[in-house]
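Student: Hey, got a minute to walk through a model with me? I'd like to get a feel for how the pieces fit together.

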Amino acid sequence: MIFDKTHFSEDLIDTKIKTGLYIILTTDEDDSRPVYISGNFNDWRTQDKEFMMEKVGVGLYHYKFTHDFDYPETLLYKFTKGDWSDVEIGINEERTENRSTTKHTGIQNEHVFKWRRNWLPFKPNFLPQIQLISDEFEIPQLNTTRKIWALLPHDYDASEESYPVMYLQDAQNLFNENAEYGNWEIDKKLAVMSEYKVGKIIVIAVEHAEEDRIKEYNVGKTVLGKGRGKKYIQFLVETLKPYVDSNFRTKKEREFTGIGGSSMGALVSIFSGLRYPEVFGKLMIFSPSLWVNPKIKVKEAENSGDTKIYLYAGGDESETMIEHVETFKNRILENEFVNDKMKINLSINKLGKHNETYWSDEFPKAIEWLFFSTK
């Protein structure tokens, strides 16, 4: 669709008022999602209502910076549909560079060809290398074996770089197209992140124990009975991590090592991080089953203070989910063994349900904040 931008601009702007900068946006793809401008003028926030563009026609938006706006020397910006997972992309679905202008008045015409939706589409050449470590990796602590995968950066073989590592539970639901309830699509999400030059990370995906999953992820005696979680965590720390560090180019230190999961997988990840803060410095906790053990205690540990926790919950999961995660966050921060260095990012999606679709959308945000954000 082609617009006469010049004609539109003259109709839109009172030529007697020459103050301020008008951003006029046309787009080939349009839908009901609002459009926001994010940039170095608002700390790159993606849902800043102050910078939501006004829709004035099909595929046609505008925004005015007022005459007294405090402009950076160079205005840098991008257009999003409310989140970086829904950011603008090019005609061939490629990432776009930041837009810029030094103008403080007049008209700036811009065009967006396409938009991402839930981080997709992805470029196949950026997909991680998926390696099956073993069909039957021995877990001596539990006297069993398990299938374990490694997802390596797409250019792992072409570089000599070492990478941070994230250990994730429930591998069956992370990148399996045939998963019964859908999957997180972490392979595709890592491909998109790699294209944006973030997300160079090794993911170690451990399959769950099928019918013994709950017992294996349950720590201690709880409402679910006696769990085997302590032994499972010992396996991760004493057996799996040493193997991974010996066989892959990893950054071994705690500040480069994370653990995470969803639901019961999130619960065992919490215990892993709090019991072994000298091993895990990053926790990715999605919709944790805190109802199982709501009074989790922080172990006194010398290195517990500088842990980063990305905590996510959906408002449409259960009546107590948000209450439990907020209480957990407060207990952690108020604990006498936690100092000011510990950081918790609480992300709540009021419409979020307890399923892979919402955890999939949250995954890139969590990885970026935990490992690559300097804020």
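**Helices on the sheet**

Tutor: Sure, let's begin with a helix on a sheet: α2 lies across β10, β11, β12 and β13, and runs at about 25° to β11. Keep in mind that this is a predicted model.

Student: What about α4, which strands does it touch on the sheet?

Tutor: α4 packs on the sheet too, touching β10, β11, β12, β13 and β16 (257-262). Its direction makes about 130° with that of β10.

Student: Back to α2 for a sec. How many of its residues are buried?

Tutor: For helix α2 (residues 186-195), 10 of the 10 residues are buried, so the helix is largely enclosed by the rest of the structure. The buried set includes charged-looking names such as Asp187, Lys188, Lys189 and Glu195.

Student: And what do those buried residues pack against?

Tutor: The buried residues of α2 pack against β10, β11, β12 (165-168), β13 and α7 (356-372). After the helix comes lysine 197, with a positive phi near 65°.

Student: OK, now α4. How far does it reach from end to end?

Tutor: Helix α4 (residues 229-247) has 19 residues, and from its first C-alpha to its last it reaches 26 Å, close to the 27 Å expected at 1.5 Å a residue.

Student: Where does α4 bend?

Tutor: At leucine 240, by about 35°. A proline, proline 242, follows within four residues.

Student: Which residues of α4 are buried?

Tutor: Among them are Tyr232, Ile233, Leu236, Val237, Leu240 and Val244. Residues three or four places apart point the same way, because an α-helix has 3.6 residues a turn.

Student: Changing topic: which residues touch the most other members of the largest nonpolar core?

Tutor: Ile204 and Leu240, in a core of 50 residues. Leaving aside neighbours within four places in sequence, isoleucine 204 is in contact with Ile133, Ile148, Trp149, Ala150, Val165, Met166, Tyr167, Leu168, Leu240 and Val244. Apart from that core lies another, of 26 residues, among them Phe175, Ile201, Ala366 and Ile367.

Student: Let's do the sheet under those helices. What's the strand order?

Tutor: The 8 strands form an open sheet in the order β10-β11-β13-β12-β16-β17-β18-β19, with mixed pairing. At the edges are β10 and β19 (343-349), each pairing on one side only. From one strand to the next, the twist averages 15°.

Student: How do β10 and β11 run, parallel or antiparallel?

Tutor: Strand β10 (residues 129-139) and strand β11 (residues 144-152) run antiparallel and are joined by 8 bridges. Isoleucine 139 stands opposite threonine 144 in β11. Their hairpin has 4 residues between the strands, and asparagine 143 takes a positive phi near 55° there.

Student: What's next to β11 on the β13 side, and how many bridges join them?

Tutor: 4 bridges join β11 to strand β13 (residues 202-206), and the two run antiparallel. Alanine 150 stands opposite isoleucine 204 there, and that isoleucine is one of the two core residues with the most contacts to other members.

Student: And the β19 end, parallel or antiparallel?

Tutor: Parallel: 7 bridges join strand β18 (residues 308-314) to β19. Leucine 311 stands opposite leucine 346 in that pair.

Student: What's the order in the sheet of 4 strands?

Tutor: β3-β4-β1-β8, again open and with mixed pairing. β3 (54-57) and β8 (106-112) are at the edges with a single partner strand each, so one side of each is left without a neighbour in the sheet. The twist averages 25° from one strand to the next.

Student: Any odd backbone spots? Which peptide bond is cis?

Tutor: The one from leucine 120 to proline 121, with omega near 10°. Proline 121 is in the loop between β9 (114-115) and β10.

Student: And serine 263, what's its phi?

Tutor: Serine 263 has a positive phi of about 60°, although it is not a glycine. It lies in the loop between β16 and α5 (264-275), and is buried, with a relative accessible area of 13%.

Student: Last one: is aspartate 43 buried or partly exposed?

Tutor: Partly exposed, at 47% relative accessibility. Aspartate 43 sits in the loop between β2 (36-39) and β3, and has a positive phi of about 60°.

Terms used. Residues numbered from 1 in each chain as written. Predicted model: local features only at pLDDT ≥ 70, side-chain atom pairs only at ≥ 80, totals over all residues. Heavy atoms only, no water. Pairing = 2+ DSSP bridges. Expected span 1.5 Å × (residues − 1). Bend = angle between axes of the 7 residues up to and from the residue. Buried < 20%, exposed > 50% of the residue type's maximum accessible area, 1.4 Å probe, protein only. Core = buried A, V, L, I, M, F, W, Y, C linked by side-chain atoms within 4.5 Å. Contact = heavy atoms within 4.5 Å. Axes fitted to C-alpha atoms, helices over the stretch in contact; angles between N-to-C directions.
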